[in-house]
Amino acid sequence: MARYFDVHPDNPQPRAIAQVVSILREGGLIAYPTDSCFALGCLVGNRDGLDRIRAIRGLDDKHHFTLVCRDFAQVGQFVHISNAVFRSVKAAIPGSYTFVLPATREVPKRLLHPRKKTVGVRVPAHAVTQALLAELGEPLLSTTLLLPGEDEAPVQGWEIKERLDHQLGAVLDSGECGVVPTTVIDLSEEVPEVLRVGAGDPSRFEA
């Protein structure tokens, strides 16, 4: 059964955050809030967690997973950012954007898009997520908590616990979360491509 943690949205309790990080380090998969909507997350090296995310979401091997990072400097460890897009990416971080970029060798091959060798990265503007990432000291392998056949992500932590109780190690809740996922921008080619319009304004990346 998933452990349930109800934390303050602006000042999350350090003890609760530390307990969630402990669950992650023990191989757990968690549901947690972001500045767009709830997400599923586990450690980057957690193969079983990746398989469970695929099963819960019903994903194929062409799905772009996201590394949720604490800041721009951490993003730079995992993806190659060309001079042409450096400024625009940095200006949009933190925020409700996911950027698809060529991965560095720091990213396990099983997380890459099989043909393009790319991965998604993002830095959320959410106090709870930031506290979690600060305590963890590394990115979270993550994807939007969108269940098969549904158009919107769940907005209540208790609902997620009820529905996914035996598939998660923890649910981190800080009150009602949004339902609009991130805007996804593919910056791996010369011309930016908006793959999904979501919470972030895509116009800054459109020609």
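This briefing covers salt bridges, a buried threonine, backbone features and nonpolar cores in one structure. The model is predicted. It holds seven salt bridges, three of which are described below: Arg122 with Asp35, Glu150 with Arg163, and Glu159 with Arg163. The largest nonpolar core has 44 residues, and a second, separate core has 20.

**Salt bridge between Arg122 and Asp35**

- Arg122 and Asp35 form a salt bridge in which the closest N and O atoms are 2.8 Å apart.
- Arg122 belongs to strand S6 (residues 118-122), while Asp35 sits in the loop between strand S2 (30-32) and strand S3 (39-43), so the bridge ties together parts that are 87 residues apart in sequence.
- Arg122 is buried, at a relative accessible area of 5%.
- Asp35 is partly exposed, at a relative accessible area of 23%.

**Salt-bridge network at helix H6**

- Glu150, Glu159 and Arg163 are linked in a network of salt bridges.
- The side chains of Glu150 and Arg163 form a salt bridge with an N to O distance of 2.4 Å.
- This pair links distant parts of the chain, 13 residues apart: Glu150 is in the loop between strand S7 (140-144) and helix H6 (157-164), and Arg163 is in helix H6.
- Arg163 also meets Glu159 in a salt bridge, at 3.4 Å from N to O.
- Glu159 and Arg163 both lie in helix H6 and are four residues apart, about one turn of the helix.
- Each member of the network is partly exposed: the relative accessible area is 29% for Glu150, 38% for Arg163 and 23% for Glu159.

**Surroundings of Thr182**

- Thr182 is located in the loop between strand S8 (170-173) and strand S9 (183-186).
- Thr182 is buried, with a relative accessible area of 3%.
- The side chains of Thr182 and Thr98 are joined by a polar contact of 2.8 Å.
- Leaving aside neighbours within four places in sequence, the residues in contact with Thr182 include Ser36, Ser96, Tyr97, Arg196 and Gly198.
- Arg122, the partner of Asp35 in a salt bridge, is also among the contacts of Thr182.

**Backbone features**

- Most residues other than glycine have a negative phi, and most peptide bonds are trans.
- The peptide bond from Ile93 to Pro94 is cis, with omega near -5 degrees.
- Pro94 is placed in the loop between helix H4 (83-91) and strand S5 (97-102).
- Lys117 is not a glycine, yet has a positive phi of about 60 degrees.
- Lys117 is found in the loop between S5 and S6 and is partly exposed, with a relative accessible area of 47%.

**Nonpolar cores**

- In soluble globular proteins, nonpolar side chains tend to be buried together.
- Within the largest core, of 44 residues, those with the most contacts are Leu67, Phe99 and Leu168.
- At least two residues of this core come from each of S3, helix H2 (47-57), helix H3 (72-78), H4, S5, S6 and H6.
- Beyond its neighbours within four places in sequence, Leu168 is in contact with Met1, Ala2, Leu29, Ile30, Ala31, Leu40, Ile56 and Ile160.
- The second, separate core of 20 residues includes Val7, Ile17, Leu132 and Leu172.

Terms used: Residues numbered from 1 in each chain as written. Predicted model: local features only at pLDDT ≥ 70, side-chain atom pairs only at ≥ 80, totals over all residues. Heavy atoms only, no water. Salt bridge = Lys/Arg side-chain N within 4 Å of Asp/Glu carboxyl O. Buried < 20%, exposed > 50% of the residue type's maximum accessible area, 1.4 Å probe, protein only. Polar contact = N/O pair within 3.5 Å; in protein donor to acceptor, adjacent residues only side chain to side chain. Contact = heavy atoms within 4.5 Å. Core = buried A, V, L, I, M, F, W, Y, C linked by side-chain atoms within 4.5 Å.
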